[in-house]
Amino acid sequence: MDHGDVSLAELVSQLPKELQQLALNLTPEDTEFFKTLFENRSRPVYVNTSTHAQYNQSKAYQYCHFDFVDWYSGWHSRLALCIALFGAVANILTMTTLTRKNMATPTNLILVGLAVADLMVVLEYVPYAASKLLGGQQLKESWEHALYVLVHAHLSQVCHTISIWLTVSLAVWRWIAVSRPHSAPTFCTLVNARRLLAGVYVACPLLATPTFLIYTVEETEDVSGDSTRTVYKVDFSPLAKAHDNLLKNICLLVFSVLVKLVPCLLLAQIMPAIIRAMWLAKERRQKLTNRKHQPASVSAASTPSVFARVSRRVKGASGDEVGGGQGKQAPKKKEGSTERTTSMLLVVMFLFLLTEMPQGLLTGLSLIYGPDFFTDCYMQLADPMDLLALINSTINFVLYCAMSVQFRYTFAGMYCGCCSRRKEAAPPPPLSSRQNCASSFNI
């Protein structure tokens, strides 16, 4: 007894043992259901009959099953479209604000590059979410839509990879500013910031090149009753499946390790190092302050050298403060601004880590446990993870507005006439060799 290209014996062999005894009682409708289930495993199949529900619980989700997926799938396109549209506007506003003269620093240049990558992530997702929300079944099964989904997958991966590695570069940049201040003048310059952006924007597409070879648009015949229609869908290419899925496994390994796990592990190491360096720098400044205010009983031999060192530090800091400074208050204001800027960038890195780590872990586990885990767990959580990535590409503008006085004021001066008339814009910060790495927002 055959139904299409899949025989009843083949279907029964894939059933759990407790259901194989029911094989002789399967109707043609049951056979057609199981055929559809195994031919379309890109998404779980949900049905309401008791026999099929029992099958779903015992076999289709042998690794994990999330009850909220059914409910969330109906809202994903709406939420993603709203977030993507807001993210496009937010990243454009971020770019126009950070490129003002009074915001021109090497760190802000990296943030501009990050905003450009995030803008590309959200912009290319808008038509995809709109097609899922507004497109009918005929559109979703067309060759044009399948080709667009293929292009969307490639562009999304490239843009997201750029955003990931720029975040890691920003963490390294800030770590040098906080813990290696003597190396900052030669490393953290505008020229090196431009070279860093160019390198990331060139290397990431090259890193994603193998993934262009593992997907293709396939033509399939869908039999529904007495009618047969042609359906186009994105699937792994014959090249990816050759040699026991060698190219497919290599690409998944590169994606999970180099694009997800390695950046997350680097951030997990760099962020505590930045926090520790901040505390050590604060302790050193406190010790210098205490020495400066020691009583006159301090030996005459040591006092001049201590005051000389403190004086040199005060003079150097007062000349480098963002927006200028006067007298002895300049070092304190600069130190506070640097700490708050570092705190803000740490929040940006932490949110990135929070949104990217789950996807990297699931991709790595898929390599360990095989395609069944990928289907049961990763594909069920694909839409929620897409939403987290969109939120990560959108939220930086909100963080800048919430935590940076200079960003808020510059933004208000550009787009709110009443604010710009109240006070003149702050002068551009001097990009001296001492401040290149640490200079960012005057928070």
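## A surface patch, two cores and Val-234

Student: Which residues form a nonpolar patch on the surface?

Tutor: Tyr-63, Leu-365, Ile-368 and Tyr-369 do, with about 400 Å² of accessible area together; patches take residues with over 30% relative accessible area and no salt bridge, nonpolar side chains being joined within 5 Å and like charges within 9 Å, areas come from the Shrake-Rupley method with a 1.4 Å probe, and a salt bridge puts a Lys or Arg side-chain nitrogen within 4 Å of an Asp or Glu carboxyl oxygen. This is a predicted model, where local features need pLDDT of at least 70 and side-chain atom pairs pLDDT 80 or more, while totals for chains, interfaces and linings use all residues. Numbering starts from 1 along each chain, and side-chain values use heavy atoms, without hydrogens and water.

Student: Where is Tyr-63 found?

Tutor: Tyr-63 sits in the loop between α4 (50–60) and α5 (68–98), helices being DSSP runs of H or I with at least four residues and strands E runs of at least two. Its relative accessible area is 38%, so Tyr-63 is partly exposed (buried is under 20%, exposed over 50%, partly exposed in between, with a 1.4 Å probe).

Student: And how many residues has the largest nonpolar core?

Tutor: It has 46, with Leu-98 and Phe-407 among those with the most contacts inside it; a core joins buried nonpolar residues through side-chain atoms within 4.5 Å. Helix α11 gives the largest share, nine residues.

Student: What does Val-234 touch?

Tutor: Leaving aside residues up to four places away in sequence, Val-234, in strand β4 (residues 227–236), touches Ala-146, Val-149, Leu-150, Tyr-215 and Thr-216, contact meaning heavy atoms within 4.5 Å.
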